[in-house]
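Work through the following exercises with the coordinates open. Each one is followed by a solution in steps.

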Amino acid sequence: MASWYERHILPHLISCCCGCGAVTDQRRKILPRARGRVLELGFGAGHNLAYYDPTQVSEVVGVEPSPELRAIAQRATRPAGLVVDLKDGIAEELPFPDASFDTVVSTFTLCTVRDQPRALAEARRVLKSGGRFCFAEHGSAPDAGVARWQRRLDPLWGKLFGGCHLTRPVSDAIGRQFAIASVEKAYLKGMPRIASWVEVGEAVAA
C-alpha cells in the first residue's frame, strides 16, 4: 500500500519537477514528431499533451500506474480535437496486441520503471515495424565525477522521487531494441548535473 507521502506529496512533487521550463523544452523537441496512434509510457501528470499535433496524431493512449497522477493528468491542457485514452498500467506489462501503435513516446519514464530492459522490449513489441520510438530521458552522465556522485546518491534519490534512478543508461539501452535515428545529449541548464544529463531523440523499430 502506498504511503501518505507517496499519495499526497510525491505526485505533486513529480508534476512540479517534470513541468519545469528546462524539462518542457525537451518535450517540445520530440513530441511534434509523433504520428498516428500513439502510446505514451508513464503518462504522469499529462505534461506532454500540449505538444502533440492533433492533425498528425489520431489518438494518444497513456499508461500510468499512479491514480494520483492520472487524476492530475485528466485536467491537463491539451489541443482541441486530441483524442486521449488514459489507462492504469505499467510499461513492463502493456495490455495491447503486438504491432498496434505507430509511435511510442517515453519522456522521463525509463528512470523509474522497475525493469528497464523489459519495458523497452514491451515498447518494441507493440510498435509497428518502421514505427517511431520518441524519447527524452535523463540518466547516467558521461563525466566520471558526476557519475560517481550519481551512484552515491541513487539510493536516497530513489526513495525521495518515487523510484527514480540517476544511473541508468538511455540511448545505449534503447539501442538494444531499436535502431537509433537521431539523438541529442547535454546537461540541462540551471539544474544539478547529477540529475540533468538528458538524451533526446528518435529510434525506429527495424
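Helices (H or I, at least four residues) and strands (E, at least two) are taken here as DSSP runs, numbered from the N terminus. The model is predicted.

**Exercise 1.** Place Gln150 in the secondary structure, decide whether Gln150 is buried or exposed, and list its contacts outside the local sequence.

*Solution.*
Step 1. Residues 144–160 form helix 5, and Gln150 belongs to this helix.
Step 2. The relative accessibility of Gln150 is 0%. Buried means under 20%, so Gln150 counts as buried.
Step 3. Set aside the neighbours within four places in sequence. What remains in contact with Gln150 is Gly139, Ser140, Ala141, Leu166, Thr167, Arg193 and Ile194.

**Exercise 2.** Find how many disulfides the structure has, and account for the result at Cys111 and Cys134.

*Solution.*
Step 1. A disulfide is a covalent bond between the sulfur atoms of two cysteines. The cut-off applied is 2.5 Å between the sulfur atoms.
Step 2. For Cys111, the closest cysteine sulfur is that of Cys164, at 3.7 Å, which is too far for a bond.
Step 3. For Cys134, the closest cysteine sulfur lies in Cys111, 18 Å away, and this is also too far for a bond.
Step 4. Searching the whole structure gives zero disulfides.
Step 5. As to accessibility, Cys111 is buried at 3%, and Cys134 is buried at 1%.

**Exercise 3.** Describe the fold of the protein chain by its elements and the order in which they occur.

*Solution.*
Step 1. Count the elements: there are six helices and seven strands.
Step 2. Read them from the N terminus on: α-α-β-β-α-β-β-α-β-α-α-β-β.
Step 3. Turn to contacts between residues at least 6 apart in sequence; 71% of these join residues at least 24 apart.

**Exercise 4.** Test whether the radius of gyration of the protein chain agrees with that of a compact globule, then describe its extent and surface.

*Solution.*
Step 1. For 206 residues, a compact globule would have a radius of gyration near 17 Å.
Step 2. The protein chain has 16 Å, so the value agrees with the globule rule.
Step 3. The C-alpha trace spans about 45 × 40 × 30 Å along its principal axes.
Step 4. Of the 206 residues, 48% are buried.
Step 5. The exposed area is about 9700 Å², and 55% of it comes from carbon and sulfur atoms.
Step 6. The chain has 26 positive and 22 negative charges, and their mean positions are 4 Å apart.

Technical notes: Residues numbered from 1 in each chain as written. Predicted model: local features only at pLDDT ≥ 70, side-chain atom pairs only at ≥ 80, totals over all residues. Heavy atoms only, no water. Buried < 20%, exposed > 50% of the residue type's maximum accessible area, 1.4 Å probe, protein only. Rg over C-alpha atoms; globule rule 2.2 N^0.38 Å. Contact = heavy atoms within 4.5 Å. Areas by Shrake-Rupley, 256 points an atom, 1.4 Å probe, with all protein chains shown as cover. Lys, Arg positive; Asp, Glu negative; His and termini not counted. Charge placed at Lys NZ, Arg CZ, Asp CG, Glu CD.
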